[in-house]
Every structure is written in C-alpha cells, then in structure tokens.
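Here are my notes on the model you sent round, set out as numbered points. Please read them beside the coordinates.

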Amino acid sequence: MGIDLGAKVRTKDGHQAGQVKKAIWDPRANQVTGYVIATGGLLGHEAVISPESIETAKREGDEVVLNLTKKELDELARYEESDYSTPPVDWVAPAIYAYPTAGYLLPVGYADAAPYVPPQPTEHVHEPEIRRGMRVRDAKGEVIGTVEDLRVDDATEELRGVVVRRGGVLERMAGSGETIDVDAGQIGQVDQDELRLVASGAELLGRQHA
C-alpha cells in the first residue's frame, strides 16, 4: 500500500507509534528500502522500518496500523543520523512515490550518486529509405543512374543489393545492358533523394563483366 509522509502510525496491540518521517532511497536498488518512524514522546526514538511492514499494514482512518507489537517496534533498528544524508540539490525525486525531494534520505556515500532520471519514451528516428527512382552516385560523386529495383532476401527480408538503371557517366562507358547490379556491400550513404556508393562506375562495370 502507499503511505503518506507524516501519516500517524499505530501498532497492532493499540499503542500510538508516532508518524512516518522520511523515506530511505537506495540508488543501488533504485527503490525505497525503508522508512524512518518518529515515535515521539519524552522517551521516543526514531526507528527504521522495512517497506514490507508498511505494505502489510492496514489503514484505519488517518492511521496506519502496523503488523507489529509495540515491543517488536521498539526492537527495530534505530535510525542513526550519521548513516544517512539528504539528497544533492539537483537530485530528482522518483515520481512513483509522489514524495518531495525533502522527504528522502540516502545512505551515506550515495548522496553524490547520479540523480534519478525517469525513463523517457524512445523516439523512433526514421532513417532515409532506399526507393525506386532515387539518383545513384558512385564514389567519385558521378551520377551513374537511378534505382530500378531492390533485391531483398525472401527469408530474412534483408537488403541484398539494388538494380541500377544506367545513366550519366555509365551511359558514356563501354558495356552492354541497360541495368547493373550493385551489391549491398557497395552501398554507402543514403540521403533523402540519392544513394551514394563506395565504388566508382568503372569498378562496377568491371565487376558486372567479371
């Protein structure tokens, strides 16, 4: 169950046990690992109670009834101020507990830990896609034609290469055929409107007729 800081606490045998004062946040576990209960009174003390004790407690009105007797509460570990410190100024309180930053304590040695950063939704970045009709340039920057078709593996849907309709510098080179096959390994940069290869037009023709 959720618990509010400042909530009144009572033991199961009817004794007023004070109130919830602070939540202890462990950066290693990335969760609350305890609560500080201030028992109040002249002989009162501050004890550290586990989250499980809170989760199994009952709520009656504005009080939280622990599944502990007063004797069991008195035997809990005492809160030692020297074992904990307040969070750094730039520490961001985890929103899942809805406690203010001032409501947390961190174990000594972890006060300088990186502040909690809530997970952010992953933004999908759309990379340029190879499309039919895209202009194709070789490694020298010469236009050698346009994308005629894509060769895709039927089983894995992995791009195996493209078929380029010859144009530009390839039209002026010797060789037969109107298209040329380009393996995926020869594809370099893909921009919005053109495809760059890592081989020259001459190298592509040489592989075509090898």
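The points below cover the basis of the note, a sheet, the aromatic rings, the cores and two single residues.

1. Because this is a predicted model, local features need pLDDT of at least 70 and side-chain atom pairs count only at pLDDT 80 or more, whereas totals for chains, interfaces and linings use all residues. Residues are numbered from 1 along each chain as its sequence is written, and side-chain values use heavy atoms, with hydrogens and water left out.

2. An open sheet of six strands follows the order 12-11-10-9-14-13 with mixed pairing, where strands are DSSP runs (E, at least two residues), helices are runs of H or I with at least four residues, and both are numbered from the N terminus. Two strands are taken to pair if DSSP finds at least two bridges between them. The edges are formed by strand 12 (179-183) and strand 13 (187-190), each of which pairs on one side only. Neighbouring strands of this sheet are turned by 40° against each other on average, direction ignored; the axes are lines fitted to C-alpha atoms, for helices over the stretch in contact, and angles run from 0 to 180 degrees between N-to-C directions.

3. At one edge of that sheet, strand 13 and strand 14 form a hairpin with three residues between them. The two strands run antiparallel and are joined by two bridges, strand 14 covering residues 194-197, and Ile 187 stands opposite Leu 197 in strand 14.

4. Helix 3 (residues 201-208) lies across strand 10 (143-152), strand 11 (159-166), strand 12 and strand 14, and runs at about 95° to strand 12. The loop between strand 14 and helix 3 holds Ser 200, which counts as buried because its relative accessibility is 8% (buried means under 20% relative accessible area, exposed over 50%, partly exposed in between, with a 1.4 Å probe and protein chains only). Leaving aside neighbours within four places in sequence, Ser 200 is in contact (heavy atoms within 4.5 Å) with Asp 138, Ala 139 and Lys 140.

5. A search of the whole structure finds five aromatic pairs, a pair being rings of Phe, Tyr and Trp (its six-membered ring) with centres within 6.5 Å, called stacked when the planes are under 30 degrees apart, edge-to-face when over 60 and tilted for the rest. The rings of Trp 25 and Tyr 104 have centres 6.3 Å apart and planes at 90°, so this pair is edge-to-face. Since Trp 25 lies in strand 2 (residues 16-26) and Tyr 104 in strand 8 (residues 104-107), the pair ties together parts that are 79 residues apart in sequence. Both of these residues, Trp 25 and Tyr 104, are buried. The rings of Tyr 99 and Tyr 104, with centres 5.8 Å apart and planes at 50°, make a tilted pair, and ring pairs link Trp 25, Trp 91, Tyr 99 and Tyr 104 into a cluster.

6. In the largest nonpolar core, which has 22 residues, Ile 3, Tyr 35, Leu 66 and Tyr 104 touch the most other members; such a core is a set of buried Ala, Val, Leu, Ile, Met, Phe, Trp, Tyr and Cys residues joined through side-chain atoms within 4.5 Å. Strand 2, strand 3 (31-38) and strand 8 each give two or more residues to this core, and the largest share, four residues, comes from strand 2. Apart from it lies another core, of 17 residues, including Ile 130, Met 134, Val 162 and Val 164.

7. Val 64, in strand 6 (residues 63-65), counts as buried because its relative accessibility is 0%. The C-alpha atoms of Val 64 and Ala 7 are separated by 7.0 Å, although the two residues are 57 residues apart along the chain.
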